[in-house]
Amino acid sequence: REPALCPQCGLVFHDGRWQRLPRPQSAHEHLCPACMREKDGMPAGFITLSGAFAAEHADELLRLMRNEELRESADHPLQRIMDIRREGDATVVTTTDIHLARRIGDAVVHAFHGKLDLKYSPDEYLVRVNWSR
């Protein structure tokens, strides 16, 4: 029901979508879909950056990903990076939305070139983005 307020991130559900708005006085508390994904540990996007170049330029790649997240979340606040972790020589980033994962993959290729591989799951709302150089 509207209006609803996500108690975790403060987004407001109004006019059929989650937005950054001032807290309505009569809001019902309800977790937004992004916070539900984070709570359940169920990312929609997996981005894996691998290769010697990725290891050497990890800080630059992370800044680029965070900038893409900020740019995208301005209009789509449910699109967020959930986690960033190192797995050996690779960096694995999880997102709450497939579109943000794809956008980050495209931005990395545009800025640093390399090889991009996208795998969308036919059975669920999930994408795996693999980049290497």
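A residue is called buried when its relative accessible area is under 20%, exposed when that area is over 50%, and partly exposed in between (1.4 Å probe, protein chains only). This tour concerns a predicted model, in which local features need pLDDT of at least 70 and side-chain atom pairs count only at pLDDT 80 or more, while totals for chains, interfaces and linings use all residues. Residues are numbered from 1 along each chain as its sequence is written, and side-chain values use heavy atoms, with hydrogens and water left out.

**The cysteines**

Please begin by selecting Cys6. Cys6 counts as buried because its relative accessibility is 1%. A disulfide is a pair of cysteine sulfur atoms within 2.5 Å, and a search of the whole structure finds 0 disulfides. Cys6 is accordingly in no disulfide; the nearest cysteine sulfur, at 3.6 Å, belongs to Cys35.

Select Cys35 next. Why does the sulfur of Cys35 form no bond with that of Cys32? The sulfur of Cys32 is the closest cysteine sulfur to that of Cys35, but at 3.6 Å it is too far for a bond. Cys35 also counts as buried, at 1% relative accessibility.

**The largest nonpolar core**

A nonpolar core is a set of buried Ala, Val, Leu, Ile, Met, Phe, Trp, Tyr and Cys residues joined through side-chain atoms within 4.5 Å. The largest one here has 20 residues, and Ile47, Leu49, Leu61, Ile104, Val108, Phe112 and Trp131 have the most contacts inside it. To display its surroundings, colour the elements that give two or more residues to this core: strands S5 (45-50) and S9 (127-132), with helices H2 (52-56), H3 (58-75) and H4 (98-112). Helices (H or I, at least four residues) and strands (E, at least two) are DSSP runs, numbered from the N terminus. Which element gives the most to this core? H4 does, with 7 residues.

Now centre the view on Leu61. Contact means heavy atoms within 4.5 Å. Setting aside residues up to four places away in sequence, Leu61 touches Leu49, Ala54, Val108, Phe112 and Trp131. Apart from this core lies another, of 7 residues, including Leu11, Cys32, Ala34 and Cys35.

**Aromatic rings and charges**

Rings of Phe, Tyr and Trp (its six-membered ring) pair if their centres lie within 6.5 Å; planes under 30 degrees apart count as stacked, over 60 as edge-to-face and the rest as tilted. By this rule there are 3 aromatic pairs. Select Phe13 and Trp18: their ring centres are 5.3 Å apart and their planes stand at 55°, so the pair is tilted. Phe13 is partly exposed at 21% relative accessibility, whereas Trp18 is buried at 11%.

Move to Phe53 and Phe112, a tilted pair with 5.6 Å centre to centre and 55° between the planes. Because Phe53 lies in helix H2 and Phe112 in helix H4, the pair ties together parts that are 59 residues apart in sequence. Phe53 is buried, with a relative accessible area of 14%, and Phe112 is buried with 13%. Add Trp131 to the selection, since Phe53, Phe112 and Trp131 form one aromatic cluster.

A charge sits over a ring if NZ of Lys or CZ of Arg is within 6 Å of the ring centre and within 35 degrees of the ring normal. Arg133 lies over the face of Phe53, 3.9 Å from the ring centre. The charged end of Arg128 sits over the ring of Phe46, at 4.4 Å from its centre.

**A buried loop residue**

Finally, select Gln79, in the loop between H3 and strand S6 (81-87). Gln79 counts as buried, at 7% relative accessibility. Leaving aside neighbours within four places in sequence, Gln79 is in contact with Glu69, Glu72, Ser73, Thr96, Asp97, His99 and Leu100.
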